[in-house]
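Thanks, everyone, for making the time this morning. I would like to take you through one model, and I will keep to what can be read from the coordinates.

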Amino acid sequence: RTIKGGIISTSAQAERTVCRCKSAWNVGILHGNVTLLAAASYFIPIISSLIAAFILNSSLTFSFWQGTAMVCLGSLLCWWSTRGAATHKLESNTLE
């Protein structure tokens with residue numbers, strides 16, 4: 001009975017944490033800076049990997065850093081391409 005109670009308790013805590021994260025995400029989307037939120041969402045897995053490597057006292061391989069560089073470049077490329085499209089759309093709407 002104690003083991004099941006511990007599992008249920010841990011599961012309930014995890015569920016509450018997930019609900020809080022989803023709630024924070026929704027508030028950020030509705031009332032925050034969406035560009036900053038999108039950029040942060042790309043880098044959260046990198047930060048969590050760094051923390052895990054520190055806690056586990058392990059080193060990150062060269063392929064990890066290659067992947068990190070590709071994620072960063074991809075997010076910058078995406079931001080740059082959508083930034084130009086939004087500017088052009090705004091200019092065309094003001095000319096009409």
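I will begin with the overall fold, then turn to the surface, the largest pocket and one loop residue.

Please keep in mind throughout that what you see is a predicted model. The protein chain contains three helices and zero strands, so that, read from the N terminus, the order of its elements is simply α-α-α. Of the 96 residues in the protein chain, buried ones account for 6%. The area that the chain exposes comes to about 8,200 Å², and 69% of that is supplied by carbon and sulfur atoms.

That brings me to the nonpolar part of the surface. There is a nonpolar surface patch of about 930 Å², built from Tyr 42, Phe 43, Ile 44, Ile 47, Ile 51, Phe 54, Ile 55, Leu 56 and Val 71. Which element gives the largest share of the nonpolar patch? It is helix α2, spanning residues 34-55, which contributes seven residues. Let me pick out Ile 51 as one member of the patch, since it sits in helix α2. Its relative accessible area is 47%, and because the range for partly exposed residues runs from 20% to 50%, Ile 51 is classed as partly exposed rather than exposed.

Turning now to the largest pocket, the space in it amounts to about 210 Å³. The residues that line it are Val 34, Thr 35, Ala 38, Ala 39, Tyr 42, Phe 43, Ser 75, Leu 76, Cys 78, Trp 79 and Thr 82. Both α2 and α3, the latter covering 62-95, supply at least two residues each to this lining, although α2 gives the most, with six residues. In terms of class, the lining comprises eight nonpolar and three polar residues, with no charged ones. I would also point out that Tyr 42 and Phe 43, which belong to the lining of the largest pocket, are listed in the nonpolar patch as well.

Finally, a word on the loop between α2 and α3, where Asn 57 is placed. Asn 57 is not a glycine, and yet it has a positive phi of about 55°. Is Asn 57 buried or exposed? It counts as exposed, because its relative accessibility of 71% is over the 50% cut-off.

Terms used. Residues are numbered from 1 along each chain as its sequence is written. This is a predicted model: local features need pLDDT of at least 70, side-chain atom pairs count only at pLDDT 80 or more; totals for chains, interfaces and linings use all residues. Side-chain values use heavy atoms; hydrogens and water are left out. Helices (H or I, at least four residues) and strands (E, at least two) are DSSP runs, numbered from the N terminus. Buried means under 20% relative accessible area, exposed over 50%, partly exposed in between (1.4 Å probe, protein chains only). Accessible areas come from the Shrake-Rupley method with a 1.4 Å probe; for residues, only the protein chains shown count as cover. Patches are made of residues with over 30% relative accessible area and no salt bridge: like charges are joined within 9 Å, nonpolar side chains (Val, Leu, Ile, Met, Phe, Trp, Tyr) within 5 Å. A salt bridge is a side-chain nitrogen of Lys or Arg within 4 Å of a carboxyl oxygen of Asp or Glu. On a 1 Å grid over the protein atoms alone, a cavity is a set of points where a 1.4 Å probe fits but cannot get out, and a pocket is an open set with protein on both sides within 12 Å along at least five of seven lines; lining residues have an atom within 4 Å of a point. Grid points are joined across faces, edges and corners, and a volume is the space filled by probe spheres set on the points. Ala, Val, Leu, Ile, Met, Phe, Trp, Tyr, Cys and Pro count as nonpolar, Asp, Glu, Lys and Arg as charged, and the others, Gly among them, as polar.
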